[in-house]
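Here is a brisk report on one chain. Look over the sequence and the fold before reading on.

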Amino acid sequence: MEKNVIIICHYVDIYSKTCYSKLERGGFLDVIVMGAGPAGLFAAQKIASAGLQVLLIEKNNEVGKKLLVSGSGQCNFTHAGNIEDFFDKYGDKQKTVKHALKSFDNKGTTNFFKRLGVDYEITEGGKIFPKSRKSSSILGALVNINKLNGTVIKSNTNIKSIIEYDNMYNLMDDKGNSYCCNNLIIATGGCSYPQLGANSSGHKIAKQFGHSIVEPKAALTNVLTQETIYQELSGVSFENVSLTILRGDKKIKDKKGDLLFTHKGVSGPVILNSTRWIQDKDRLVFNLVNMSYEELDAKFEKDFQNKIQLLSYFKKLELPKSFCNIMLEHIGLDVHMNCANINKHQRKKLVKYLTSLTLTVESVGPLATAMVTAGGVNTKEINPTTFESRKQKNLYFIGEVVDVDGDTGGYNIQIAFSMAYVCATHIISKR
Ligand SMILES: Cc1cc2nc3c(=O)[nH]c(=O)nc-3n(C[C@H](O)[C@H](O)[C@H](O)COP(=O)(O)OP(=O)(O)OC[C@H]3O[C@@H](n4cnc5c(N)ncnc54)[C@H](O)[C@@H]3O)c2cc1C
């Protein structure tokens, strides 16, 4: 071992030993982090790297269970491109995420893991994965750096109560052990995937300290529709579709992206990234052709002068055959019809179908199986430059426990790291 490595290990040993002995004596630790997902693990290692005593408490018998299943076990941990392009990937929460993302961006994330020996690769669509394509590479690196920096990790520990006195905290677990700290970070995640440890304990703690909770709901999930006629289209997809969400006559949101028909409804990025806004009974209006009604009508008027079979013409437009069959059946047109025989009324029906296909939402996928929870600790009550509670000093909320949810593509794990970074930096600066 090199000399400076020995010195570092020696100090780290002292940090964790002091931490352990303080724990044994019931002394005050600098920081306790509750929840060992990406947010908690990242915050803990950073704070410990500055020589502060950090205890990371995890309810499960193992840390980072959700991180392990992320990206189908491959962990899409961030996204490529300029960090400015991330800002609108968190619904209406730009104000909450901007500072954190700028302070610790996607390059910060890839550099961090590269320094820990985890190389990465970028997919065509910009998703970033560890080169090993194993989420265990990311989790392993986070756990190792925590151990190296002197974080004490205590898994299988269920905190039953938290008492605050003069902005300091006393936590009691279900075995009767108590832990005291000057700063408390809540990184307990959202409510989806309870089998991986998710629960609403973070929200309950927030309520205890006077916070309001934005009703948790499923995000990054499928939508079931009332219309069942599209069942045959299960697996058929459309690229770069425009979606408008309507509630009654009110327009809720516009979004663009790829659409996938499923057995009982719709999915694909345009749906996954919109579920945070979608409610039962909403109407989803799709423009499947990336052209306005007027543009498509003018195109059809011109093109339909040619004697070509409708289905052959739609094939040229790259519209899936199975979809065209259903569309023609709906409109009451024979699939063998020739374009030249379509009258104005029929043409307009076709144009309307392709530019404003409307489906009614039966339900939005259940919270338990949603990839992310929308809702959580109200962002108005948290300082976005530190993630400290505006209601309770020395109390912090980071990661999915907060009412912030990202689009699919690595945006959720990135924001967990970015929030953890600014929170940790702030706590270190208070010394
Ligand atoms: C199937 C699936 C795939 C996903 N894929 C991706 C992806 O590829 N890319 C991406 O960016 N995002 C992905 N996500 C979302 C991403 O995993 C989460 O947004 C992210 O893990 C949130 O991090 P977190 O640290 O805030 O919370 P979590 O990862 O949920 O960690 C919270 C931790 O706190 C613990 N905990 C809870 N309550 C307590 C308590 N009272 N005391 C102590 N510990 C407690 C939990 O057991 C858990 O370990 C995916 C999610 C799922 C479910």
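Helices α4 and α13 are roughly perpendicular to each other, a term used for angles of 65 to 115 degrees, whereas angles under 35 count as roughly parallel, those over 145 as roughly antiparallel, and the rest as oblique. Helix α4 covers residues 94-103, and its axis packs at about 80° to that of α13, 8 Å away. Such axes are lines fitted to C-alpha atoms, for helices over the stretch in contact; angles run from 0 to 180 degrees between N-to-C directions.

This is a predicted model, in which local features need pLDDT of at least 70, side-chain atom pairs count only at pLDDT 80 or more, and totals for chains, interfaces and linings use all residues. Residues are numbered from 1 along each chain as its sequence is written.

**The chain overall**

The chain has 13 helices and 18 strands. Both are DSSP runs numbered from the N terminus: helices are H or I with at least four residues, strands E with at least two. The C-alpha trace spans about 90 × 50 × 30 Å along its principal axes. Of 431 residues, 45% count as buried. Buried means that 20 or more other C-beta atoms lie within 10 Å of the residue's own; 12 or fewer means exposed, and in between is partly exposed, with C-beta atoms placed from the backbone. Among contacts between residues at least 6 apart in sequence, 74% join residues at least 24 apart. A contact needs C-beta atoms, placed from the backbone, within 7 Å.

**Helices against α13**

Return to α4. Its residues Val97, His99, Ala100, Leu101 and Ser103 meet Ile415, Ser418, Met419, Tyr421 and Val422 in α13. By class, this contact has seven nonpolar, three polar and no charged residues. Nonpolar covers Ala, Val, Leu, Ile, Met, Phe, Trp, Tyr, Cys and Pro; charged covers Asp, Glu, Lys and Arg; the others, Gly among them, are polar.

Helix α2 (residues 38-49) also packs on α13 (residues 411-429): the axes come within 8 Å and cross at roughly 30°. That makes α2 roughly parallel to α13. The crossing is right-handed, meaning that the near helix is turned clockwise from the far one by less than a right angle; anticlockwise would be left-handed. From α2, the contact uses Pro38, Ala39, Phe42, Ala43, Lys46 and Ile47. From α13, the contact residues include Ile413, Ala416, Phe417 and Ala420. The α2 contact with α13 divides into 15 nonpolar, no polar and one charged residue.

**Helix α7 and its surroundings**

Where does serine 201 sit? Serine 201 is in helix α7, and it counts as buried because it has 20 C-beta neighbours inside 10 Å. The buried residues of α7 (residues 201-208) are Ser201, Gly202, His203, Ile205 and Ala206. They pack against β7, β9, β10, β17 (372-377) and β18 (395-397). Tyrosine 120 lies 81 residues from serine 201 in sequence and 34 Å away in space, C-alpha to C-alpha.

**Strand pairing**

Strands pair if DSSP finds at least two bridges between them. β7 and β8 (residues 168-173) are antiparallel over six bridges. Serine 161 stands opposite methionine 172 in β8. β8 also pairs with β9, again antiparallel, over four bridges. There methionine 172 stands opposite serine 178.

A separate description covers another sheet. Three strands form an open sheet in the order β3-β5-β4, with antiparallel pairing. β3 (78-79) and β4 (120-122) are at the edges with a single partner strand each, so one side of each has no neighbour in the sheet. Two bridges join β3 to β5 (residues 127-130). Threonine 78 has isoleucine 128 as its bridge partner in β5.

**Positive phi values**

Several residues take a positive phi.

| Residue | Phi | Place |
|---|---|---|
| Asparagine 156 | about 55° | loop between β6 (152-154) and β7 (159-165) |
| Aspartate 166 | near 55° | hairpin of β7 and β8, two residues between the strands |
| Glycine 176 | near 90° | hairpin of β8 and β9, four residues between the strands |
| Glycine 210 | near 90° | following α7 |
| Leucine 220 | near 50° | loop between β10 (213-219) and β11 (223-225) |

Asparagine 156 is exposed, with 12 other C-beta atoms within 10 Å. Leucine 220 counts as buried, with 24 C-beta neighbours inside 10 Å.

Note on methods: Two residues are in contact if their C-beta atoms, placed from the backbone, lie within 7 Å.
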